Amino acid sequence: MALGRASQQLDLLDAVTRFCDEALPGNSIFGFLHEHRETLFPDSMFTDLFAAIGRRSVPPSVVAAVMVLQRLEGLSDREAVDRFTFDARWRYAAGVGGWDGAGRVGFAHTVLVDMRERLRRSDRPDRIFEVALSAARAAGLIGRRRVLDSTPLYDAVATMDTITLIRSAIRGLLGVAGPDLAELLRAVLTSGDDYASSAKPVLDWDDKSAREALIDSRARDGHALLAALDGRQGLPEPVVQAIRLLATVLGQDLETGTDGVLRIARKVAPDRVISTVDPEARHGHKTSHRGFDGYKGHIAVDPDSEIITATEVTAGNTGDAQPAAGLIADLTEPATNAGPAGDAAVYGDSAYGAGEVLAHLDTHGIDAKTKVQPPVAPAGKFTKDQFHIDLDAATVTCPNGITRPIRPIAGEGRHAGKADFGTACTTCPLRAHCTDAKTGRSITIGRHEARLAAARTRQIDPAWQADYRATRPKVERKLAHLMRRRHGGRRARTRGLARIAADFNLLAAATNLARLATLGLLHTPHRGWALA
């Protein structure tokens, strides 16, 4: 398919254009796209996505405008095409005019599917986000402060229980195997299940022995399939992926009892697959009492302009601190470290107060405005900060005045040392307020202990607290803007990490464009992008 180009000869007397010019407010996203669509994402920006010859596509600039409005309003592909076809504001924003001129009347909803896939496979999948951010930078709206936060993105599939996971993984392997291989694999199945249906087998689910027999028989089918394929060379990639998924599913939930029967393990695997339909989705926790299934969307926001500067999507069980370095890459990488002068600062809640994040910020000269959790101890006992830790002398002194040396710990990622009080706790008058351990109290010293202690001291300052309270909530408001539509906001529209990340990035781009319209951004040939 060849690149289609939008007509630049609009009818000045077009009824839709005249009506929207007069009726829409000046800071409307529809008016902003109508005025600057060709500047933001001209058809030539998408040349690499199409062939040199062939049937002309729907002009990509028109499709991009529809995709932006679709993400803002949380619509499905069919609903978005209906809006484009019948809503005067959408036609105005896309620059196609009314229904009686030469402009395009409509197009199939699969055009949106095709465009997303073309972008995903390209070298610049996030180009719509990039051009919106570039316009904001050109207008001087991006400073050197960032606020970080994350939000749950619920997956678009049903979470499966153990027996459904096993049967689905076996059915998937049989489905991708060719006829000859599938016949060989079915010959090793002994449970009597043909795995043709996704429905659970008919069973008295209140009968514990029947449930155990069902799980054992299906698990043994899975192990038999893996054994039959062990050592085979030249298998197609879909078959290899299905084998890996089946092995993961069998290994994460099952254990063998003393009687040799495979049963569901009374534990939760650290990286448990929750669906064979979307194997990258995970159980996650936003708080200790609030869980979800799916992914996490991470953003960095400029708190002054409220423009989103970076996005990332991770599995739901990923900690917030892990993608922090990527979210602030524009502050740390010399190639992109452009913008107004001033000290860089990063704000975040206690999820970003990890020692690794503080070290990364300190290395690049960035002011850490991230909260650090105070130490805690069970049952109101003495916390770690009530012990005097002297890193220079490598000693720790307890509240009773007993001093112990810090001994190094080798091979431990997070902890660098430990101080054991041991027998000194036996006769200590403060023992009841300190520890219940038979071996006495011990204090672990982290690899970033000094930075964490300095951060805790710094965040007590009233000026620091006032700055934090005035800045940090802005990212929560921005997340509320992103999540206000359930479809494509809180609930993912697609499956798989790569597609959800692209969709989340497009949502951020659309939100940025709406923000630029609200701020009154204009583009002129002489001044470029600037506020009105």
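Start at Ser122, which is buried at a relative accessible area of 13%. Buried means under 20% relative accessible area, exposed means over 50%, and partly exposed lies in between, using a 1.4 Å probe and protein chains only. The model is predicted, so local features need pLDDT of at least 70 and side-chain atom pairs count only at pLDDT 80 or more, while totals for chains, interfaces and linings use all residues. Residues are numbered from 1 along each chain as its sequence is written, and side-chain values use heavy atoms, with hydrogens and water left out.

**Stop 1: around Ser122**

Show the loop between helix H6 (110–121) and helix H7 (127–138); Ser122 lies there. Helices (H or I, at least four residues) and strands (E, at least two) are DSSP runs, numbered from the N terminus. Now display side chains. The side chain of Ser122 makes a polar contact with that of Arg127, at 3.1 Å. A polar contact is a pair of N or O atoms within 3.5 Å; within protein, one must be able to donate a hydrogen and the other to accept it, and residues adjacent in sequence count only if both atoms are side-chain atoms. Leaving out residues up to four places away in sequence, Ser122 touches Asp48, Leu49 and Arg127. Contact here means heavy atoms within 4.5 Å.

Move along to Ser134, in helix H7. Ser134 counts as partly exposed, at 43% relative accessibility. Add Asp161 to the selection. Its C-alpha is 46 Å from that of Ser134, with the two positions 27 residues apart along the chain.

**Stop 2: strand S5 and its partners**

Select strand S5, residues 290–302. Of its 13 residues, 10 are buried, so S5 is largely enclosed by the rest of the structure. Which strand pairs with S5 over 8 bridges and spans residues 145–154? That is strand S1, and the pairing is antiparallel. Two strands pair if DSSP finds at least two bridges between them. Look for Tyr154, opposite Gly294 in S5.

Next, colour strand S4 (residues 282–287). S4 runs antiparallel to S5, and 5 bridges join them. His283 stands opposite Asp293 in S5. The hairpin that joins S4 to S5 passes through 2 residues.

Then take strand S6 (residues 307–315). S5 and S6 also pair in the antiparallel sense, over 8 bridges. Tyr295 has Ala315 in S6 as its bridge partner. The hairpin of S5 and S6 has 4 residues between the strands, and in it Glu306 takes a positive phi near 60 degrees.

**Stop 3: helix H14**

Select residues 355–363. The buried residues of helix H14 are Gly355, Val357, Leu358, Ala359 and Leu361. What do these buried residues pack against? They pack against helix H12 (324–327), strand S7 (345–348), strand S8 (367–370) and helix H15 (449–458). Step past the helix to Gly365, which follows H14 and has a positive phi near 65 degrees.

**Stop 4: a three-strand sheet**

Show S12, S13 and S14. They form an open sheet of 3 strands in the order S12-S13-S14, with antiparallel pairing. Strand S12 (407–408) and strand S14 (442–446) stand at the edges with a single partner strand each, so one side of each is left without a neighbour in the sheet. Strand S13 (residues 415–420) is joined to S14 by 5 bridges. One pair to pick out is Gly417 with its bridge partner Ile445 in S14.

**Stop 5: single residues**

Go to Tyr195, in the loop between helix H9 (179–186) and helix H10 (208–229). Tyr195 is buried, with a relative accessible area of 2%. Its phi is positive, near 55 degrees, in a residue other than glycine.

Ala394 is in the loop between strand S9 (388–390) and strand S10 (395–397). Ala394 has a positive phi of about 60 degrees although it is not a glycine. Buried, exposed or partly exposed: where does Ala394 fall? Ala394 is partly exposed, at 30%.

Finish with Ala470 in helix H16 (residues 462–471). Ala470 counts as exposed, at 52% relative accessibility. Measure across to Pro303: the C-alpha atoms are 9.6 Å apart, and the residues are 167 apart in sequence.

**Zoom out**

The protein has 18 helices and 16 strands. Its C-alpha trace spans about 95 × 70 × 40 Å along its principal axes. Of its 532 residues, 47% count as buried.
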